[in-house]
Every structure is written in C-alpha cells, then in structure tokens.
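Please describe how the strands, the nonpolar core and the side-chain pairs of this chain are arranged. A report with short headings would suit.

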Amino acid sequence: MSAVANIYNPNNVDLTEIKQRLAVLRRQREKVFGKNIISSWLPLSDIWENEEIYLISIELPGIEFSDICTVVRNGILIVSGNKSEYPELGKLSTVRRESSHGQFQRTFKLPIGIEEDIYNRWFQDGVLTICFEKQASVP
C-alpha cells in the first residue's frame with residue numbers, strides 16, 4: 001500500500017489529478033510572469049495618511065537595510081530585496097520552518113497628489129517606513 005493511500009481523503013479525491021492541475025497552473029503562471037518570479041514571499045504592510053503625508057510601513061525582519069531597494073516610477077512604489085536563509089546549524093535538521101526567505105517585491109500604487117520625488121525612508125526594528133509628502137493644494 002502506498003503512502004498516498006493512507007492520507008485521510010473523505011471525498012476520495014484523486015490526488016494525482018490535483019498535482020497535475022497544479023503543474024498546469026504553474027506552467028501557465030510561468031508563461032505570463034516568466035520563470036524567475038521575483039517574489040517568493042510577500043512582506044506585510046500598513047498604510048496611513050493625513051492631509052500632509054502618505055506613510056507606508058513594511059515588515060522586513062531579518063533583512064539588512066542595505067539589501068532593500070526602493071524605486072518610484074510613474075506613480076508606483078516598488079520595494080524589493082532578499083532575505084537570506086538561515087545558515088546550516090551543524091548536525092541539526094529542520095523540524096518546522098514558518099519563516100519566509102528568498103527574494104521579494106511589493107508594489108504600491110501611490111495616490112494622486114503625492115510628491116514622488118520627495119520621500120524619506122528609514123528602517124528600525126525590522127520595519128521599513130517610507131513617508132511621502134502630499135502636494136500643497138492650490139486654492
């Protein structure tokens with residue numbers, strides 16, 4: 001008896017067919033986005049604003065500030081970088097891995113009225129914060 005036969009499967013779903021369908025979806029995704037998809041994980045983000053500023057914070061634990069790239073182009077903020085895997089720990093083997101690693105890229109459409117060329121960014125306690133100034137409103 002195979003290991004697959006011992007899996008709880010109350011609806012008697014053919015797992016081989018599911019694997020084949022996933023492979024088809026993966027190939028279709030690669031056709032559209034290419035094989036080298038930049039994001040293997042997506043860091044979490046929060047966005048705030050008031051009358052004067054537009055603020056984006058992105059959780060990037062375990063990443064050095066020098067490994068983070070920010071680009072603003074045509075009203076789009078692109079934040080990308082790479083989180084390295086943990087080094088091997090001697091003869092220890094992984095029991096569970098819940099942390100993310102690898103390349104990432106987040107894109108944010110900036111609202112109208114943002115000064116794209118005027119922004120500050122800082123990195124503290126694993127959180128990247130980017131602050132854009134809003135254009136002064138014309139009376």
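The report below takes the sheets first, then the core, and then individual residues and side-chain pairs of this predicted model.

## The four-stranded sheet

One open sheet is built from four strands in the order 1-2-7-6, and its pairing is antiparallel. Strand 1 and strand 6 are the edge strands, each with a single partner strand, so that one side of each has no neighbour in the sheet. From one strand to the next, the twist averages 15 degrees.

Within this sheet, strand 1 and strand 2 are joined in the antiparallel sense over five bridges, and Ile-47 has Ile-56 of strand 2 standing opposite.

## The three-stranded sheet

A further open sheet has three strands in the order 3-4-5, again with antiparallel pairing. Here the edges are taken by strand 3 and strand 5, each of which has a single partner strand, so one side of each is left without a neighbour in the sheet. The average turn between neighbouring strands of this sheet is 15 degrees, with direction ignored.

Strand 3 pairs with strand 4 in the antiparallel sense over six bridges, and in this region Ile-68 stands opposite Gly-81 in strand 4.

## The nonpolar core

The largest nonpolar core comprises 16 residues, and those with the most contacts inside it are Ile-56, Leu-60, Leu-77, Val-79 and Phe-132. Two or more residues of this core come from each of strand 2, strand 4 (76-83), strand 5 (102-109) and strand 7. Strands 2 and 7 have places in the sheet of order 1-2-7-6, while strands 4 and 5 have places in the sheet of order 3-4-5.

Ile-56 shows in detail how such a residue is surrounded: when its neighbours within four places in sequence are left aside, it is in contact with Asp-46, Ile-47, Leu-77, Phe-108, Leu-110, Leu-128, Thr-129, Ile-130 and Phe-132. Among these contacts, Leu-77 and Phe-132 are also listed with Ile-56 among the residues that have the most contacts inside the core.

## Two polar residues in the strands

Ser-57 lies in strand 2 and is classed as buried because its relative accessible area is 10%, which is under the 20% limit. Not counting residues up to four places away in sequence, Ser-57 touches Leu-44, Ser-45, Asp-46, Trp-48, Val-127, Leu-128 and Thr-129.

Asn-120 belongs to strand 6, and, with neighbours within four places in sequence left aside, Asn-120 is in contact with Thr-129, Ile-130 and Cys-131. The C-alpha atoms of Asn-120 and Leu-55 are separated by 9.7 Å, although these residues are 65 residues apart along the chain.

## Aromatic pairs

The count of aromatic pairs comes to two. One of them is the stacked pair of Phe-65 and Phe-123, with 5.7 Å from centre to centre and 20 degrees between the planes. This pair links distant parts of the chain, since Phe-65 is in the loop between strand 2 (53-59) and strand 3 (68-73), whereas Phe-123 is in strand 6 (residues 114-124), 58 residues apart. Phe-65 counts as partly exposed at 31% relative accessibility, and Phe-123 likewise counts as partly exposed, at 23%.

Tyr-119 and Phe-132 have ring centres 5.0 Å apart and planes at 40 degrees, so this pair is tilted. Tyr-119 lies in strand 6 and Phe-132 in strand 7 (residues 127-134), so the pair ties together parts that are 13 residues apart in sequence. The two partners fall into separate accessibility classes, because Tyr-119 is partly exposed with a relative accessible area of 26%, while Phe-132 is buried with a relative accessible area of 0%.

## The salt bridge

Which residue forms a salt bridge with Glu-49? The count of salt bridges comes to one, and the partner is Lys-134, with the closest N and O atoms 2.6 Å apart. The pair links distant parts of the chain, with Lys-134 in strand 7 and Glu-49 in strand 1 (residues 45-49), 85 residues apart. Lys-134 counts as partly exposed at 24% relative accessibility, whereas Glu-49 counts as exposed at 53%.

Terms used
Residues numbered from 1 in each chain as written. Predicted model: local features only at pLDDT ≥ 70, side-chain atom pairs only at ≥ 80, totals over all residues. Heavy atoms only, no water. Phe/Tyr/Trp six-rings, centres within 6.5 Å; stacked < 30°, edge-to-face > 60°. Buried < 20%, exposed > 50% of the residue type's maximum accessible area, 1.4 Å probe, protein only. Core = buried A, V, L, I, M, F, W, Y, C linked by side-chain atoms within 4.5 Å. Contact = heavy atoms within 4.5 Å. Salt bridge = Lys/Arg side-chain N within 4 Å of Asp/Glu carboxyl O. Pairing = 2+ DSSP bridges. Axes fitted to C-alpha atoms, helices over the stretch in contact; angles between N-to-C directions.
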